[in-house]
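Open the model in your viewer and keep the selection panel at hand. This tour goes from the ligand outward.

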Amino acid sequence: MPNIAVLAGDGIGREIVPQAVETLKLIATKYKHEFEFTEALVSEDAYEKYGHPLPPQTLEVCKQSDAVLLGAVGSPKMDQLPPKLRPERAALLPLRKELGLYANLRPVIVYDVLVDASTLKPEIVKGVDILTFRELTGGLYFGSKKRATLADGTEEAVDTLVYNTKEIERIVRLAFEAAHARRKKLTSVDKANVLESSRLWRETVIKIASEYPDVELNHMYVDNCAMQLVRWPAQFDVIVTENMFGDILTDQASMLTGSLGMLASASIGGNVALYEPAHGSAPDIAGQNLANPLATILSAAMMLRYSFKLEREASAIENAVRQVLTDGYRTADIMAEGCQKIGTKEMGAMVRAKL
Ligand code: IPM
Ligand code: MG
């Protein structure tokens, strides 16, 4: 029986995760599976109880599970702590590292019914279907960091950007495989005109490309990619890039769908995969039944597909989401004229009703 670790985390994580869990429970009943859910504390709750945002107990629950469902971390209270205890740096990043999750898949799919929800023109976003592979356990976010005070009193801060060929090869291979199974176009994003790590990235991509002769490869500088994503997003099929570029570009790309609240993600590479919405804990709207649960529900669908190989069940959730949106139900972030605004719980219930 698959065991799912459930880490709701902070802010809206506490509202959206239960909606995804209920959806998984319904799938279990309907398709005769048994999922076991084990809740564990992360970030603020964990800090209050155990003095650390990622206590060993929580890490153990994740390692013993078959998949992890995570909400979001980050809260005003945790923001007051020294950087070493902040949940982004002390919980989320170490969790990804400990589980060996080097590849973060973020699909940006623009549903036809949501073309008007984007801030971009409908004809630009219509039909967009991009899969981004973001490297997740290397680069600037994990390199050594330090602070110093120079002789003249000036403060200095250093972050280090390190990549080796092994780290690059493994994610690039996954991206090529995905492109091969999709529309056979891969865009590798770097800043090879300036950064040494990007030059190594590009050389490595070129080497691996020879194994995938049927995939059309192109290289794009990150600044150009940011521009192309809003100019002509339909040109992209699969994108592969390093950690920070992927972090930034996927937030940007999410707006093609209308909202960050639609962006699901799967982090893979280790024995256990982790599924989480790409958005944060949104403390400003937390506890008000306003958050969009769809990114988390769609992340649960990715769990069914990638961790449990339940393609039919995953598609059922995705179709249910599509139908609810087609029926005109919207959370505030994707609200449009003529639609009906509903809350977090209602959106979750609507998706389950369609199932
Ligand atoms: C994300 C988030 C995190 C990241 C933050 C909260 C550390 O922005 O998952 O994209 O940068 O990876
Ligand atoms: Mg981010």
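Here, a residue is near a molecule if one of its heavy atoms lies within 4 Å of it. The model is predicted.

Select ligand 1 and expand by that cut-off. The shell should hold Glu 88, Leu 92, Leu 93, Arg 96, Arg 106, Arg 134, Tyr 141 and Asp 247. Colour these residues by class. Five are charged, three are nonpolar, and none is polar.

Next, show the three arginines with a polar contact to the ligand. Start at Arg 96: an N or O atom of its side chain is 2.6 Å from an oxygen atom of ligand 1. Move to Arg 134, where a polar side-chain atom lies 2.8 Å from a ligand 1 oxygen. For Arg 106, the distance from a polar side-chain atom to an oxygen atom of ligand 1 is 2.9 Å.

Now turn on surfaces. On its own, ligand 1 has 320 Å² of accessible area, and the protein covers 76% of that. Where does ligand 1 sit? Its place is the largest pocket.

Switch to cartoon and select residues 87-98. This is helix H5, which gives the most to the shell around ligand 1: four residues.

Last, colour by domain. Domain 1 (1-102 + 262-355) and domain 2 (129-255) each supply at least three residues of the shell around ligand 1.

Terms used
Residues numbered from 1 in each chain as written. Chains lettered and ligands numbered in written order. Predicted model: local features only at pLDDT ≥ 70, side-chain atom pairs only at ≥ 80, totals over all residues. Heavy atoms only, no water. Polar contact = N/O pair within 3.5 Å; in protein donor to acceptor, adjacent residues only side chain to side chain. Areas by Shrake-Rupley, 256 points an atom, 1.4 Å probe, with all protein chains shown as cover. 1 Å grid on protein atoms, 1.4 Å probe; cavity = no way out; pocket = protein on both sides within 12 Å on 5 of 7 lines; lining within 4 Å. Sits in = over half its atoms within 2 Å of the grid points. Helix = DSSP H or I, 4+ residues; strand = E, 2+ residues; numbered from the N terminus. Nonpolar A, V, L, I, M, F, W, Y, C, P; charged D, E, K, R; others polar. Domains from an automatic or database assignment.
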